[in-house]
Amino acid sequence: MQRSTEEIRLIDYAIELWRGRHIVFFSTIVGAVVAAFVVLLTPKEYTARCEFLQQNTSADLSPRIASLASLAGISLPATDQVEVLPASLYENIVCSEPFLRQLIHYPLHFAHQQRDFTIVEYLGEDDGREGLREWIKSVEARREPVAVKDRLTAEEYDAIKYLRSRIAVEYDVADGYVLLEVTLPDAVASAHLTEKVVQDLEHRVIELKVERVRSNMLFIERRYDEARERFDSLQAARADYLDANQHTTRNSAKATFERIDAEYMLAKSIYEQLAMQLEQARIRVKEQTPVLSIFSPVTIPFKPSRPRKMIIFITFVALGFIVGASIIFVRTTIAELRGYHLPAPAADDEAKNH
């Protein structure tokens, strides 16, 4: 019984919806018109993409270098397994303030204006509050005579906030690839900035990965330079002494030569060991250096990614239909609560009479 009652109510509402179809039709047309205005008034934006993988060179370099070193009589120790930097950290790196602070001052070519702008200049060009900002900066300069070196200006803060909303980093855990997207109002500028982000990201990832092994390599390189200078000086002193005392038979001369020769051999041994350690450290740096293998390079987007015309049109048309149907439902509900049915339209009455 309850089910049949609900079916009757749905049938009654469908009948009322058909009677008030002009309201639904009008609200749907209004939604379509609003969608057209939204599409026309929304500025176009273009999204440039780049997909890449992080790879290390250790798997390819280690066997080859080990074989070459063995031919030269150098025994290299077995290298540890190189860990790949988690791709989940890429988003944190890209959205960090030091990273974005470099990007906002990088000149980009905006094709629709035929000019090069930094992000700070571009936002200031579109913003009419330049005078107010200059006044605020002058007031702050009077209040704080000592400037803070790393303090952000209002323009830089707005530009960093703007870029954070324009750069997206996604990564696939299963496949291991990273997708970088940059959205800007200009197609050429978006592609240009995407290339810059990929380059800076690769440099930053390399710094994070090889910082420890590179500092160790630099330390060994300094010790190597010192050992080479000492070895060269002792070698020259040993040769000079031999030239000056070729035909001498004095025991004191022999003792002095033995002392110089011992120092020379010790310096030679240290020099050779440091040379071997330096080569190992350089190989270790190469092994730890990650490479971003780009398999989907950056291209200038041809079509705008925003506004999404079809989605906007369907959304507003659906909203218009829902608003019209809601009006019919509210009107029918109020009529039922008052205890009478709505009068049928004249067209329906004439159809019944016939």
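Helix 2 (residues 21-41) and helix 11 (residues 309-338) sit with their axes within 7 Å, crossing at roughly 150°. Angles over 145 degrees count as roughly antiparallel, so helix 2 is roughly antiparallel to helix 11. Keep in mind that this is a predicted model. Below, there's more on that helix pair, then a second pair, a cavity and a cis peptide bond.

**Helix 2 against helix 11**

- The crossing of helix 2 past helix 11 is right-handed.
- On the helix 2 side, the residues that meet helix 11 are I23, V24, S27, T28, G31, A32, V34, A35, V38 and V39.
- Helix 11 answers with K309, I312, F313, F316, V317, G320, F321, G324, A325, I327, I328 and R331.
- Sorted by class, this contact between helix 2 and helix 11 comes to 15 nonpolar, five polar and two charged residues.

**Helix 9 against helix 10**

- Helix 9 (residues 187-244) and helix 10 (residues 251-288) also pair up, with axes that come within 7 Å and cross at roughly 155°.
- That angle makes helix 9 roughly antiparallel to helix 10, because the cut-off for the term is over 145 degrees.
- Helix 9 goes past helix 10 in a left-handed crossing.
- The class split for the contact of helix 9 with helix 10 is 22 nonpolar, five polar and 12 charged residues.

**The cavity**

- If you go looking for enclosed space, you'll find one cavity of 30 Å³ or more in the structure.
- The largest cavity has a volume of about 30 Å³.
- Its lining is made up of F52, Y90, V94, V169, V178, L179, L180 and L201.
- Helix 4 (88-94) and strand 5 (178-184) each put at least two residues into the lining of the largest cavity.
- Strand 5 is the top contributor to that lining, with three residues.
- As for chemistry, the lining of the largest cavity counts eight nonpolar, no polar and no charged residues.

**A cis peptide bond**

- Most peptide bonds are trans.
- The bond from R306 to P307 is cis, with omega near 0°.
- As for where to find P307, look in the loop between strand 6 (290-296) and helix 11.
- Helix 11 (residues 309-338) is the helix that crosses helix 2 at roughly 150°.

Technical notes:
Residues are numbered from 1 along each chain as its sequence is written. This is a predicted model: local features need pLDDT of at least 70, side-chain atom pairs count only at pLDDT 80 or more; totals for chains, interfaces and linings use all residues. Side-chain values use heavy atoms; hydrogens and water are left out. Axes are lines fitted to C-alpha atoms, for helices over the stretch in contact, and angles run from 0 to 180 degrees between N-to-C directions. Helices (H or I, at least four residues) and strands (E, at least two) are DSSP runs, numbered from the N terminus. Angles under 35 degrees count as roughly parallel, over 145 as roughly antiparallel, 65 to 115 as roughly perpendicular and the rest as oblique. A crossing is left-handed if the near helix is turned anticlockwise from the far one by less than a right angle, and right-handed if clockwise. Contact means heavy atoms within 4.5 Å. Ala, Val, Leu, Ile, Met, Phe, Trp, Tyr, Cys and Pro count as nonpolar, Asp, Glu, Lys and Arg as charged, and the others, Gly among them, as polar. On a 1 Å grid over the protein atoms alone, a cavity is a set of points where a 1.4 Å probe fits but cannot get out, and a pocket is an open set with protein on both sides within 12 Å along at least five of seven lines; lining residues have an atom within 4 Å of a point. Grid points are joined across faces, edges and corners, and a volume is the space filled by probe spheres set on the points.
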